[in-house]
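Here are my notes on the model you sent over, as numbered points. Have the coordinates open while you read.

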Protein chains: 2
Amino acid sequence: MSVADEEPRRVQMLEAARQVIAERGFPGARITDVADRAGVSPALVIYYFKSKDNLLAEAMRQSEDLWYAEMSRRAAKIPTAAGRLEEVVAMTCHVSSDVVLEGSLELWLDLWAQALRDPEVRAVREESDEHFRETIRQIVRDGVATGEFSGIDEDDFAVAYTALLDGFAIQVALGDPVVGPERAFDVAMRVASQQLGFAWEPRRAPRRSSGRLPTRATS
Amino acid sequence: MSVADEEPRRVQMLEAARQVIAERGFPGARITDVADRAGVSPALVIYYFKSKDNLLAEAMRQSEDLWYAEMSRRAAKIPTAAGRLEEVVAMTCHVSSDVVLEGSLELWLDLWAQALRDPEVRAVREESDEHFRETIRQIVRDGVATGEFSGIDEDDFAVAYTALLDGFAIQVALGDPVVGPERAFDVAMRVASQQLGFAWEPRRAPRRSSGRLPTRATS
DNA sequence: CGGCATTGACTGAGCGTTCAGTCTAAGGTC
DNA sequence: GACCTTAGACTGAACGCTCAGTCAATGCCG
């Protein structure tokens with residue numbers, strides 16, 4: 001809240017930029033779009049951020065930060081390591097349709113493509129990915145400590161599992177006809193339970209609709 | 001060869017386009033670049049392909065086709081299913097530095113990002129991904145048939161394993177400081193051997209250099 | 001008044017696409 | 001064989017649009 005209060009215009013524009021990138025893609029995002037959405041003039045956008053590239057890179061960073069903040073927020077509410085892992089998987093596979101995470105997967109595709117050439121974006125991606133890995137690592141460590149998970153090299157698991165989730169994120173983001181959110185979630189959880197040695201079965205019979213998971217309260 | 005003989009200019013431009021996309025990214029690729037590299041005028045490029053979008057989409061398709069052709073070519077030479085799987089993993093993780101596959105991983109990142117909005121590119125991606133899955137599926141089926149692999153749901157495995165390899169492809173393409181080609185290859189093979197129940201150990205002590213694998217002849 | 005926020009109007013570069021042709025080779029005609 | 005016609009390959013120049021970034025001017029607040 002403090003950040004938003006101190007620099008309302010700034011975050012407003014970053015939020016607008018995030019949405020525009022999600023809609024039109026990183027290279028297709030125009031400062032006019034961002035300005036329109038934020039209800040200001042294009043010149044003001046340049047006034048705040050020096051250049052378009054800078055704006056978009058910062059928008060990417062902010063978006064990633066928000067994603068992990070949301071993840072931490074949710075994880076904090078869940079007592080078991082297996083539950084926390086499941087929540088991470090659910091977020092990555094977009095099982096629950098969630099406004100906060102709207103467009104985050106699509107953004108990742110642009111993030112990766114852009115990271116190839118743009119050093120600033122590359123830095124964002126590297127931090128973000130290491131953050132992701134560390135999150136998984138920590139969950140595994142906790143699970144091993146509490147006896148939920150049986151011994152496994154947490155580092156190798158984190159490397160492999162984040163790669164797996166990234167791969168599923170691609171399929172889900174692109175709306176692959178074979179690998180939808182439910183299947184990705186299912187397979188990912190099965191792999192995890194097998195590798196980490198904990199019991200897991202699907203919450204319910206497979207649902208057709210893309211509705212939210214009623215298991216967890218939404219408020 | 002027949003194709004190249006019939007339409008030399010066409011394939012020449014497609015090849016040029018592939019290189020330009022690999023260098024400057026899909027959105028950054030200019031028809032002038034392609035024309036320059038092919039040694040023709042920009043107008044001729046439009047003369048052959050109706051528009052820039054069409055050109056780039058076809059270049060993507062051709063690139064994917066080449067990749068799978070190369071994969072089949074290599075796989076055909078390898079007698080065991082485990083060996084074939086290893087070769088696929090090696091190609092995906094860019095363990096062997098190979099001219100034919102130059103820039104293919106980087107191209108995938110652009111392919112995914114572009115597939116989000118461009119229907120033509122999306123179609124290419126879907127075909128390509130299903131092709132990949134089917135390749136893995138078939139290798140597993142063969143391995144199970146010959147007794148190399150122990151029983152496993154080949155479909156679920158294919159879905160999960162292609163996702164894993166896609167994820168590693170991202171890391172490798174972006175030159176992640178933590179997950180390099182060797183580590184990706186190593187972890188991927190360990191996962192495969194464990195899941196499919198075959199014996200596998202690293203060919204050699206871990207190498208620092210990014211040199212090619214001397215195990216297989218390059219000719 | 002003085003500094004900050006904000007804007008509309010403008011510009012200049014970049015780039016896809018078009019067009020009016022030129023050049024070359026093949027084919028037909030006597 | 002000499003000449004004309006046709007078609008396809010190919011190009012240089014120009015058109016027109018998009019869009020990031022600039023700038024002088026205005027409003028606003030303390």
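1. Starting with the surface near DNA strand C: α4(A) provides the largest share, four residues. Here "near" means that a heavy atom of the residue lies within 4 Å of the strand, and helices are DSSP runs (H or I, at least four residues), as strands are (E, at least two), numbered from the N terminus. Both α4 (42-48) of chain A and α4 (42-48) of chain B contribute at least two residues to that surface.

2. Before going further, some bookkeeping. This is a predicted model, in which local features need pLDDT of at least 70 and side-chain atom pairs count only at pLDDT 80 or more, while totals for chains, interfaces and linings use all residues. Residues are numbered from 1 along each chain as its sequence is written, chains are lettered from A and ligands numbered from 1 in the order in which they are written, and side-chain values use heavy atoms, with hydrogens and water left out.

3. Which residues come nearest to DNA strand C? Of the 14 around it, they are R9(A), Y47(A), Y48(A), R30(B) and K52(B). By class, the surface near this strand has nine nonpolar, two polar and three charged residues. The classes are: Ala, Val, Leu, Ile, Met, Phe, Trp, Tyr, Cys and Pro nonpolar; Asp, Glu, Lys and Arg charged; the others, Gly among them, polar. Note that Tyr is filed under nonpolar in this scheme.

4. On the strand C side, 70% of the DNA atoms within 4 Å of the protein belong to sugar or phosphate, and the rest to bases. Some phosphate distances to look at: an N or O atom in the side chain of Y47(A) sits 2.6 Å from a phosphate oxygen. A polar backbone atom of S41(A) is 3.0 Å from a phosphate oxygen of strand C, and for a backbone N or O atom of K52(B) the value is 2.8 Å.

5. Now DNA strand D. It is surrounded by 14 residues, with R30(A), K52(A), R9(B), Y47(B) and Y48(B) the closest. α4(B) gives the most to the surface near this strand, with four residues. The class split there is nine nonpolar, two polar and three charged. Sugar or phosphate accounts for 74% of the strand D atoms within 4 Å of the protein.

6. Phosphate distances for strand D: a backbone N or O atom of K52(A) is 2.7 Å from a phosphate oxygen, and one of S41(B) is at 2.9 Å. For Y48(B), a polar side-chain atom lies 2.8 Å from a phosphate oxygen of strand D.

7. How much area is buried between chain B and chain A? About 3400 Å², with carbon and sulfur atoms giving 54% of it; buried area is the accessible area (1.4 Å probe) that two parts lose on being put together, summed over both. L116(B), R117(B) and L174(B) supply 18% of what chain B buries against chain A, more than any other three residues. In contact terms (heavy atoms within 4.5 Å), 43 residues of chain B meet 43 residues of chain A.

8. The interface also has 12 salt bridges, each a side-chain nitrogen of Lys or Arg within 4 Å of a carboxyl oxygen of Asp or Glu. One of them pairs R117(A) with D110(B) at 3.0 Å, N to O. α9(B) gives the most to the side of chain B that touches chain A, with 12 residues. That side divides into 20 nonpolar, six polar and 17 charged residues.

9. On the fold of chain A: 10 helices and zero strands. Of its 219 residues, 50% count as buried (under 20% relative accessible area; exposed is over 50%, partly exposed in between; 1.4 Å probe, protein chains only). Among contacts in chain A between residues at least 6 apart in sequence, 63% join residues at least 24 apart.

10. One last residue to check is R74(B), in helix α5 (residues 52-76) of chain B. Is R74(B) buried or exposed? Buried, because its relative accessible area is 11%. Its side chain makes a 3.0 Å polar contact with that of E87(B); a polar contact is a pair of N or O atoms within 3.5 Å, where within protein one must be able to donate a hydrogen and the other to accept it, and residues adjacent in sequence count only if both atoms are side-chain atoms. Leaving aside neighbours within four places in sequence, R74(B) also contacts M91(B), S96(B), D98(B) and L101(B).
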